[in-house]
Amino acid sequence: MSEKPVSEMSFEDAMRELETVVGQLERGDVALEDSIKLYERGAELKKRCEAKLKEAEEKVAAITLDGEGQPNGLNAVEGL
C-alpha cells in the first residue's frame, strides 16, 4: 500500500493501487484490522478514480465540433 496521499494520485496510480487492495481483500489472508484499513483505503481510491473520470468526461463534453465533426473549440465547463 502506497503512503502517497490519495488526493495527489493520478487516475492510473489510484486505479493500480485499488486493484492491489481488492486483490489482497479477495485473497482473505489479511488480518481483520489490516482488512479494515485496506477497505478504507480502497474506498478513498475508488472515490478518487470516480472524481478523475467525471472530470475527464466533463472536459470531453466541453469540446465543440464544427459542421464536419471536427473539434473547433471548447465550451466553458463550470468548476473546471
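This short talk walks through a predicted model of one protein, from its overall layout to its core, its salt bridges and its surface.

Let me begin with the layout. The protein contains two helices and two strands, and read from the N terminus these elements follow the order α-α-β-β. Of its 80 residues, 20% are buried, and the protein exposes about 6,100 Å², of which carbon and sulfur atoms supply 53%. If we take the contacts between residues at least 6 apart in sequence, 46% of them join residues at least 24 apart.

Turning to the interior, the largest nonpolar core is built from eight residues, namely Val6, Met9, Ala14, Leu18, Val21, Leu38, Leu45 and Cys49. The elements that contribute two or more residues to this core are H1 and helix H2, which spans 32-61. Ala14 is a useful place to look, since it sits in helix H1, residues 11-27, and has a relative accessible area of 0%, so it counts as buried. Leaving out residues up to four places away in sequence, Ala14 touches Met9, Leu45, Arg48 and Cys49. With Cys49 the separation is 35 residues in sequence, yet 6.4 Å in space from C-alpha to C-alpha. Val6, another member of the core, is in contact with Arg41, Glu44, Leu45 and Arg48, again leaving aside its neighbours within four places.

Now to the charged side chains, where the count comes to six salt bridges, and I will describe three of them. The side chains of Arg41 and Glu17 meet at 2.8 Å, N to O, and this pair links distant parts of the chain, with Arg41 in helix H2, Glu17 in helix H1, and their positions 24 residues apart. Are these two residues buried or exposed? Arg41 has 12% relative accessibility and therefore counts as buried, and Glu17, at 9%, counts as buried too.

The other two bridges each lie within a helix. Asp13 and Arg16 pair at 2.9 Å, N to O, and both belong to helix H1, three residues or about one turn apart; Asp13 is partly exposed, with a relative accessible area of 29%. In helix H2, Lys52 and Glu55 are about one helical turn from each other because they are three residues apart, and their closest N and O atoms are 3.8 Å apart. Lys52 is partly exposed at 25%, and Glu55 is partly exposed at 27%.

Finally, the surface: Val60, Ile63 and Leu65 make a nonpolar patch of about 280 Å². Within that patch, Ile63 lies in strand S1, residues 63-65, and is partly exposed, with a relative accessible area of 37%.

Terms used. Residues numbered from 1 in each chain as written. Predicted model: local features only at pLDDT ≥ 70, side-chain atom pairs only at ≥ 80, totals over all residues. Heavy atoms only, no water. Helix = DSSP H or I, 4+ residues; strand = E, 2+ residues; numbered from the N terminus. Buried < 20%, exposed > 50% of the residue type's maximum accessible area, 1.4 Å probe, protein only. Contact = heavy atoms within 4.5 Å. Patch = residues over 30% accessible without salt bridge, like charges linked within 9 Å, V, L, I, M, F, W, Y side chains within 5 Å. Areas by Shrake-Rupley, 256 points an atom, 1.4 Å probe, with all protein chains shown as cover. Salt bridge = Lys/Arg side-chain N within 4 Å of Asp/Glu carboxyl O. Core = buried A, V, L, I, M, F, W, Y, C linked by side-chain atoms within 4.5 Å.
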